[in-house]
Amino acid sequence: MYPENHPETRLAALGYSLLPAHPGVGMYVSWARTGNLVTTSFQFPWRDGKLAYTGRVGAEVSTEQAVDAARLAALAGLAQLKEAAGGDLARVRLVRLDGHVGCAMDFKDIPHVLNGASELLTKVLGVAHCRTALGHMVMPLDSPVMLGFLAEINDAPA
Amino acid sequence: MYPENHPETRLAALGYSLLPAHPGVGMYVSWARTGNLVTTSFQFPWRDGKLAYTGRVGAEVSTEQAVDAARLAALAGLAQLKEAAGGDLARVRLVRLDGHVGCAMDFKDIPHVLNGASELLTKVLGVAHCRTALGHMVMPLDSPVMLGFLAEINDAPA
Amino acid sequence: MYPENHPETRLAALGYSLLPAHPGVGMYVSWARTGNLVTTSFQFPWRDGKLAYTGRVGAEVSTEQAVDAARLAALAGLAQLKEAAGGDLARVRLVRLDGHVGCAMDFKDIPHVLNGASELLTKVLGVAHCRTALGHMVMPLDSPVMLGFLAEINDAPA
């Protein structure tokens, strides 16, 4: 059982649970630590072992589906950060979220899609992060959302 | 009054002044510090509370306007870094500038646009930085330029 | 002569040699160090002083050529990291590779292209890295591949 103010408790209260950290899709690892910083490879919206959505927002994928994809990719990232922190999310402080959205040429609402991830991450980890946001015509695996994470690991949690 | 060799003095000599650091456009903060590193959310070419330009370089926006947008986004970034450094730009050493340019499919001169930012930042901060440069068909807020900053904060300035 | 397990020995065994670190293409430097971290500007597939390939993968550039471009950009990056490590690649641990591929709208195999770089870097440096991957319609210098490097420098090599 986790204490009341633990990120895992907040995650469960929101109705989410983490899958095991997904391995990289290629010749690389999912995260790397240097000093007390952890950086991840891009995280995808996995569900049941495959991408929950494929295609571009504003074309094959609706805005609502893209927001859900952002949440799923955020959960995938939390699983990586948990692993990097030796299994304890309370040791993780998210520094920056790098958000990438596959979108149609005329899609305008990239920040709204990524807020799906930021809202979840802020609620679970309890601290605001900074964020970058980009839209793309072509995405690896044809994913509508990919997220990169830069986090600080506190070896002696408060 | 700032000493002669202070970044604020050089900024004023170039005819620029900083606006207050702009808050994030979404559920995130504008910068985050980890150790003595500061990373920012993307900075936009703000003027009088709105984007000075919107659209793609090589289409709705001219190269000259895009260079100006890069300068404005650089000033927005300096305001964030100044805030992160407790108000003293002399404590800031820029490590990397991440430049993003919204451009038409056949636009070739991304480095020239970003040199508008790099020239200003090098003159003001007095040290060269490294830089990444990308072009995009779709940009958040339809901005022609966005800049990300990675900087070192020296708590005991020379 | 380098010892048997040195990155330079593995590089030579693979039939590669490093060119001098290429200067930045614009008003910036090729790498910057902060603490024991080094970050680079984007690296291009240089050969004989010019880009070995230009154009988009899936259009003007074949997948096989793009894999070769990724290898060349990886070698360009190793030259930068070697310089940043005072000339000794054994002091370099690659943390993250940021891969950018210029591609046609319907090109699907971005990870395969970047594996050309990751395979070489893993063989030479002896440790896996994490990686980000993006596709773009427009690339600086019309390069099919650009790579960014984040590495740790160990001042006291093992």
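In this predicted model, B:Phe107 lies in the loop that connects strand E5 (92-102) with H3 of chain B. How many C-beta neighbours does B:Phe107 have inside 10 Å? There are 19. A residue is buried at 20 or more such neighbours and exposed at 12 or fewer, so B:Phe107 counts as partly exposed. Setting aside residues up to four places away in sequence, the residues that B:Phe107 touches are B:Val57, B:Gly58, B:Gly135 and C:Val138. The list thus names residues of chain B and a residue of chain C. One of these partners, B:Gly58, is 49 residues from B:Phe107 in sequence, yet the two C-alpha atoms are 5.7 Å apart in space.

The loop that holds B:Phe107 leads to H3 of chain B, and this helix can be followed to its partner. Helix H3 (residues 110-125) of chain B and helix H2 (residues 63-84) of chain B have axes that come within 7 Å and cross at roughly 40°. The crossing of these two helices, H2(B) and H3(B), is right-handed. Which residues meet there? On the side of H2(B) they are B:Thr63, B:Ala66, B:Val67, B:Asp68, B:Ala70, B:Arg71, B:Ala73, B:Ala74 and B:Leu78. From H3(B) come B:His112, B:Val113, B:Leu114, B:Gly116, B:Ala117, B:Leu120, B:Leu121 and B:Val124. Sorted by class, the contact of H2(B) with H3(B) comprises 12 nonpolar, three polar and two charged residues. A general property of helices helps in reading such lists: an α-helix has 3.6 residues a turn, so residues three or four places apart point the same way.

Chain A may be considered next as a whole. Three helices and seven strands make up its elements, and along the sequence they follow the pattern α-β-β-β-β-α-β-α-β-β. The C-alpha atoms of chain A fill a box of roughly 45 × 35 × 30 Å along the principal axes. Why can chain A be compared with a compact globule? A compact globule of 158 residues would have a radius of gyration near 15 Å, and chain A agrees because its own value is 15 Å. Of the 158 residues in chain A, 53% are buried. Among contacts in chain A with a separation of 6 or more, 78% are between residues 24 or more positions apart.

Within chain A, helix H2 (residues 63-84) has 22 residues. From its first C-alpha to its last, this helix reaches 31 Å, close to the 32 Å expected at 1.5 Å a residue. Is H2(A) mostly covered or mostly open? It is mostly covered, with 17 of its 22 residues buried. After H2(A) comes A:Gly86, which has a positive phi near 65°.

The chains also touch one another. The contact between chains A and B takes 24 residues from chain A and 20 residues from chain B. On the chain B side, strand E1 (31-34) and strand E2 (37-40) are the elements that give two or more residues. E1(B) supplies the largest share, three residues. This side of chain B has 11 nonpolar, nine polar and no charged residues.

Chain A in turn meets chain C, with 20 residues of chain A in contact with 24 residues of chain C. On the side of chain A that touches chain C, the elements giving two or more residues are strand E1 (31-34) and strand E2 (37-40) of chain A. E1(A) gives the most, with three residues. By class, this side of chain A holds 11 nonpolar, nine polar and no charged residues.

Definitions and conventions
Residues numbered from 1 in each chain as written. Chains lettered and ligands numbered in written order. Predicted model: local features only at pLDDT ≥ 70, side-chain atom pairs only at ≥ 80, totals over all residues. Contact = placed C-beta atoms within 7 Å. Helix = DSSP H or I, 4+ residues; strand = E, 2+ residues; numbered from the N terminus. Nonpolar A, V, L, I, M, F, W, Y, C, P; charged D, E, K, R; others polar. Axes fitted to C-alpha atoms, helices over the stretch in contact; angles between N-to-C directions. Left-handed = near helix turned anticlockwise from the far one by under 90°. Rg over C-alpha atoms; globule rule 2.2 N^0.38 Å. Expected span 1.5 Å × (residues − 1).
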